[in-house]
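Here are a few exercises for getting to know a new structure. Have a look at it first, then try each task before reading its solution.

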Amino acid sequence: MTIGTGSKFLDALDGVTQKVPPVWLMRQAGRYLPEYREIRATAPSFLDFCYNPKLASEATLQPIRRFGFDAAILFSDILVVPDALGQTVSFEAGEGPRLDPIETRAQFEALHRELDYSRLGAVLETVRLTRAALPAEVALIGFCGAPWTVATYMIAGRGTRDQEPTRRFAYEHPDIFADLIQRLVDASTNYLLRQIEAGVQAVQIFDSWSGVLPVTEFERWCLAPVKAIAANVRKASPGARIIAFPRGAGSYLPRFTSEDGFSGLGLDTAVDPDWAAKQLSRRLALQGNLDPIALLAGGRGLDEGVERIMQAFEGRPHIFNLGHGILPPTPIAHVERMLSRIRR
Ligand code: CP3
């Protein structure tokens, strides 16, 4: 008799406890894989690569073929959203993203009201190609950046250590900033719904920079917008499975609940898994949270880190993952070792 969805990953999001948890890794497609570096070299720029459905679909499938992860994550980037809103976005080799920063009301008003799917449509084609190529038991995850995290790049024009330019902008120009966040809520809702329509079975909202704000600003710029996206997506697509990943949210984590429309909550490296297993609702699948540096280093630290997490989340819905993305110099043998410890 078959119960559940046929996918360990989707079952976990539906609340099923499993002896061996499903596993995938944030940034599982990418530079630590020689086969990725090989196909990446065939595209002139990173954005060209993201907008090429054949290449992006191949990059999505590579870690599944090599490691047999339980879920694939769409290969794209969170910054295709500002690109499709008309902001100039580029990726400088070895330096990270560069955008024309938004500093005035006029620059905000120059953005499109809605996403331009003449470019972004390629990502939806990647979803269709990938879903058709994946084994049935491997789930396909779509994603977007949370409005706050995407806004930090749109305002500063680049990645920053502590997001100071955007924090300052939000205090000095709360009206423009609120309008920008609302534009991103609407765009992200629409984008996630189009991904679901094209074949993704769950979506993750990456709030990589949510860990720098005082509580009032966290509520206003991180929590409320991500909850609004979840509510809007669930309204149009009632069964949608949504994972929030508010990196660095720490003591704010209990504010994310299943009643808000989340099925899963991603935990970063600094969250105590024993605390999380006790304090966070059993109606949320908890995802995480091995230290990417432990995976990079290997050896006993890796084995102990895996064991710690397996024990803490035993007997409740859990998805094994890292606390943040896999690092490019990570040896493939360490990923294999991690998998053999989880699946033994
Ligand atoms: O395997 C996967 O996870 C799928 C693809 C994916 C990428 N970026 C590919 C990528 C996903 C889910 C992202 C999300 C993303 N992008 C986030 C949120 C998650 C996180 O890591 O915090 C953020 C903040 C970005 C923005 C971004 N994209 C930065 C800051 C950079 C440069 C830094 C870096 O790692 O190079 C990117 C580029 C990027 N996105 C690469 C990849 C594989 C590297 C570029 C290349 O391969 O040439």
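The exercises below start with the ligand and end with a single serine; keep in mind that the model is predicted.

**Exercise 1.** Find which residues come nearest to the ligand.

*Solution.* Start with the shell: 21 residues surround the ligand. Of these, Arg31, Tyr36, Asp77, Ser208 and His324 come nearest. Next, sort the shell by class, and you get 12 nonpolar, five polar and four charged residues.

**Exercise 2.** Work out where the ligand sits and which elements give two or more residues to the shell around it.

*Solution.* Look at the pockets: the ligand takes up the space of the largest one. Then turn to the elements, where α2 (34-40) and β3 (96-99) each give two or more residues to the shell.

**Exercise 3.** Track down polar contacts of the ligand with Ala29, Arg31 and Asp77.

*Solution.* Take the oxygen atoms of the ligand to begin with. One lies 3.0 Å from a backbone N or O atom of Ala29, and the side chain of Arg31 has an N or O atom 2.8 Å from a ligand oxygen. Now try nitrogen: a ligand nitrogen is 2.7 Å from an N or O atom in the side chain of Asp77. As for cover, the ligand taken alone exposes 870 Å², and the protein buries 86% of that.

**Exercise 4.** Decide whether Ser210 is buried or exposed, and find what its side chain reaches.

*Solution.* First locate Ser210, in the loop between β5 (202-207) and α11 (215-236). Its relative accessibility is 1%, and buried means under 20%, so Ser210 counts as buried. Finally, follow the side chain of Ser210: it reaches the backbone oxygen of Arg247 at 2.9 Å.

Technical notes: Residues are numbered from 1 along each chain as its sequence is written. This is a predicted model: local features need pLDDT of at least 70, side-chain atom pairs count only at pLDDT 80 or more; totals for chains, interfaces and linings use all residues. Side-chain values use heavy atoms; hydrogens and water are left out. A residue is near a molecule or strand if one of its heavy atoms lies within 4 Å of it. A polar contact is a pair of N or O atoms within 3.5 Å; within protein, one must be able to donate a hydrogen and the other to accept it, and residues adjacent in sequence count only if both atoms are side-chain atoms. Accessible areas come from the Shrake-Rupley method with a 1.4 Å probe; for residues, only the protein chains shown count as cover. On a 1 Å grid over the protein atoms alone, a cavity is a set of points where a 1.4 Å probe fits but cannot get out, and a pocket is an open set with protein on both sides within 12 Å along at least five of seven lines; lining residues have an atom within 4 Å of a point. A molecule sits in a cavity or pocket if more than half of its atoms lie within 2 Å of its grid points. Helices (H or I, at least four residues) and strands (E, at least two) are DSSP runs, numbered from the N terminus. Ala, Val, Leu, Ile, Met, Phe, Trp, Tyr, Cys and Pro count as nonpolar, Asp, Glu, Lys and Arg as charged, and the others, Gly among them, as polar. Buried means under 20% relative accessible area, exposed over 50%, partly exposed in between (1.4 Å probe, protein chains only).
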